[in-house]
Each structure stands twice: as C-alpha cells, then as structure tokens.
Amino acid sequence: MKHRCGTVALVGRPNTGKSSLLNRLVGEKLSIVSARPQTTRHLVTGIVTKPDCQYVFVDAPGNPPKLKNVLQKALNRRVGEAASQADVVLFVVEALRFGPEDTAALARIPEGQKIVAVVNKVDVVKRHADLIPYLERLNATRDFVAVVPVSAHTGRNLPALLRAVAEALPAGPAAYPEDQLTDKDERFFAAELLREKLFQTLGEELPYRCEVLIDSFKEEGRLRRIEASILVERDSQKAIVLGKGGERLKQMATAARKDMERLFNGKVYLGVWVKVRRAWTDDARVLRQLGYE
Ligand SMILES: Nc1nc2c(ncn2[C@@H]2O[C@H](COP(=O)(O)OP(=O)(O)OP(=O)(O)O)[C@@H](O)[C@H]2O)c(=O)[nH]1
Ligand SMILES: [Mg+2]
C-alpha cells in the first residue's frame, strides 16, 4: 500500500466524546474533556503516525445547538472551517442516540466530503442486539465511507477506525516528524488545562462565562513559571470561582498545575488571578484578543 497522509476533522453535536477520542487515538491528553456540553472551543490538532499512514486529527467544538452570543457564532465558524478543509470528516455520535442536534451537525458537513460515522460510547450499550438496527438506521442517513462503533474509554475498535480512515486519505508523504503529537504550544495547553478545571468544578452556566488567558510563560531552567488570568463577566461570578477564602480557586489551580507537570514533564509554578471583564462572550473585540476571530 502507498503511504498516506491527511487531515481528519472530528465533528458532531456537543458531548459525544470527540475530545476523548482524539486523546485516546494520540495516547496523550491534548484536548480537554468534561461531562458538560461545549467544552471544546479551539481546533486542537493531534497527530498519529503509523508506518503506512500519518493522521492529522483536528478536534472541533461541538456544534452549538442555539447561537446565543458572539462566542458561539465564532465556535460554529470553526466547526465549518474544520469540516470543509479536512480530507476526511469523522461524524461522531453517541451509541443508540440520534436527535435533532445530531441531524443539524450532520447537515453542516459540506456535500461531497468523505465522512466516516463514528458511534462512540459502545461500552455503555447493555444489549448488543440493540446496536444493529441503530447502525442500519444511521447508515441510511447519508452516504458514509464507513460506520464504525467504538469506545474512547476502552479503546474498542479504534484500530478498525484507523484502517477505515486510512483508506479514505490521499496518498502522500508524512507532513510532520514522526514524534510530533500536536502543532499547539505549551502556552495553549496551560490555558486549556486550567479551563478544563473550571468546566469540571463549576456548576450551571458559569463555565460558559469563563475564559483563561496566559499573561506570562517563562522557562527558568527546568521550571516553567506561568501566570494566568481567569476572566468572568460579573463580581458575583468572581466570588464563586474564588470560593470561601479562595479555596476553590486554589484546588482548581493545583489540579491544573499537576496536569501541566505531567504533560510538560517538568516542574511548574502557576499563579492565577480572577478578573471581571463584562460581557466578554458578546464582545467581538475581546474575542478577537482571545484569538476567536
Ligand atoms: N462511557 C463513555 N463515556 C465517554 C466515552 N467517550 C467520552 N465519554 C464521556 O463523555 C463526556 C463528553 O466527552 P468529551 O470528550 O468532552 O466530548 P466532546 O464531544 O469533545 O464534547 P464538546 O467538546 O463539548 O463538544 C465526558 O464525560 C466523557 O468522559 C466513551 O467511550 N464511553
Ligand atoms: Mg470536546
């Protein structure tokens, strides 16, 4: 077989496990994961290099179901960009579930794109007999290159998924060195790992009102000294992020620092401040500063 190489976008409604899949395929936690929908906001690249194929996976935000603010419009543009520019699109759904949000996400993938339907979370399916009619119905919704049931949690069937994707990728040499896992830098992952803790810790609407900015990132010998700000929209939100005596912020910062030390393979000092920036989710100028345009 000829060597193949290409980009593979992961798209679908929020919370189907796109980021979990990317991490499992690459074998590193590159894309943040939470039980809440709309965790991912950036296009996160994860590169998998096999002897006969290099896969450049791009994890995209889940298609926001309702566009409420400028941030969600920017996220939606990102999904469109990822889906139209990729060589292959992985349309990720959750086993035994297919609702209006899935239909809408599928409809946004441009006509003529090569699509592999990925049925994730098969580890939670109790009766396997239920899966067969589900797969048949899914297969009838569009002309897919393949329909592959998998589990990001157990790793089930991921080799079959990689094979199906390789067949749909164009022939060509590897685009990246074989030991390169991503094209994002440490600064990006520092911000994301802290944002993940906000998503995992804070309840209700608050995670959607928060953003993380890295104010400074310095390497001092083997130590990385990182200063970060958490942006919120109101004073009351700042109080919740801080928690009693700053305890909640301290716990989130400690968890984020440990993840950074694991990913960067070295010691990290992390200083975090919480700042109020009114209506940043609806302010195109602030969003541009944050890199959303
Ligand atoms: N049981 C099970 N749960 C999974 C699996 N994959 C992901 N999850 C869970 O599903 C939830 C959402 O996972 P994410 O990877 O953040 O999903 P996503 O599609 O990237 O979500 P958005 O970025 O919000 O669009 C998390 O609670 C994961 O632990 C799986 O294979 N099996
Ligand atoms: Mg995600």
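Biologist: In this predicted model, which residues come nearest to ligand 1?

Modeller: Among the 23 residues around ligand 1, those that come nearest are Lys18, Ser20, Gln38, Thr39 and Asp123. Sorted by class, the residues of that shell are 13 polar, six nonpolar and four charged, and helix α1 (residues 18-26) supplies the largest share of the shell, namely three residues.

Biologist: What makes the pair formed by serine 19 and ligand 1 a polar contact?

Modeller: A polar side-chain atom of serine 19 lies 2.9 Å from an oxygen atom of ligand 1, and the cut-off for a pair of N or O atoms is 3.5 Å, so the pair counts as a polar contact. The backbone takes part as well: a polar backbone atom of glutamine 38 is 2.7 Å from an oxygen atom of the ligand, and a backbone N or O atom of alanine 152 lies 2.9 Å from an oxygen atom of ligand 1. Of the 660 Å² of accessible area that ligand 1 has on its own, the protein covers 90%.

Biologist: How many cavities of 30 Å³ or more does the structure hold, and what lines the largest cavity?

Modeller: The structure holds one cavity of 30 Å³ or more, and the volume of the largest cavity is about 40 Å³. The lining of the largest cavity consists of Val11, Asn63, Val79, Gly80, Ala83, Ala105, Arg108 and Ile109, which by class are five nonpolar, two polar and one charged residues. Helix α2 (residues 70-85) gives the most to this lining, with three residues.

Biologist: Why is isoleucine 240 called partly exposed?

Modeller: Isoleucine 240, which lies in helix α7 (residues 235-242), has a relative accessibility of 43%; buried would require a value under 20% and exposed one over 50%, so isoleucine 240 falls in between and counts as partly exposed. Its C-alpha atom is separated by 8.9 Å from that of leucine 206, although the two residues are 34 residues apart along the chain.

Biologist: What is the phi of leucine 96, and why is leucine 96 called partly exposed?

Modeller: Leucine 96, in the loop between β4 (88-94) and α3 (100-107), has a positive phi of about 70° although it is not a glycine. Its relative accessible area is 40%, which is neither under 20% nor over 50%, and therefore leucine 96 is partly exposed.

Biologist: Why does lysine 121 count as partly exposed rather than buried?

Modeller: Lysine 121 has a relative accessible area of 23%, and because buried means under 20%, while exposed means over 50%, lysine 121 is partly exposed. Lysine 121 is found in the loop between β5 (114-120) and α4 (131-139), and its phi is near 65°, a positive value in a residue other than glycine.

Notes
Residues numbered from 1 in each chain as written. Chains lettered and ligands numbered in written order. Predicted model: local features only at pLDDT ≥ 70, side-chain atom pairs only at ≥ 80, totals over all residues. Heavy atoms only, no water. Near = heavy atom within 4 Å. Polar contact = N/O pair within 3.5 Å; in protein donor to acceptor, adjacent residues only side chain to side chain. Areas by Shrake-Rupley, 256 points an atom, 1.4 Å probe, with all protein chains shown as cover. Helix = DSSP H or I, 4+ residues; strand = E, 2+ residues; numbered from the N terminus. Nonpolar A, V, L, I, M, F, W, Y, C, P; charged D, E, K, R; others polar. 1 Å grid on protein atoms, 1.4 Å probe; cavity = no way out; pocket = protein on both sides within 12 Å on 5 of 7 lines; lining within 4 Å. Points joined across faces, edges and corners; volume = space filled by probe spheres on them. Buried < 20%, exposed > 50% of the residue type's maximum accessible area, 1.4 Å probe, protein only.
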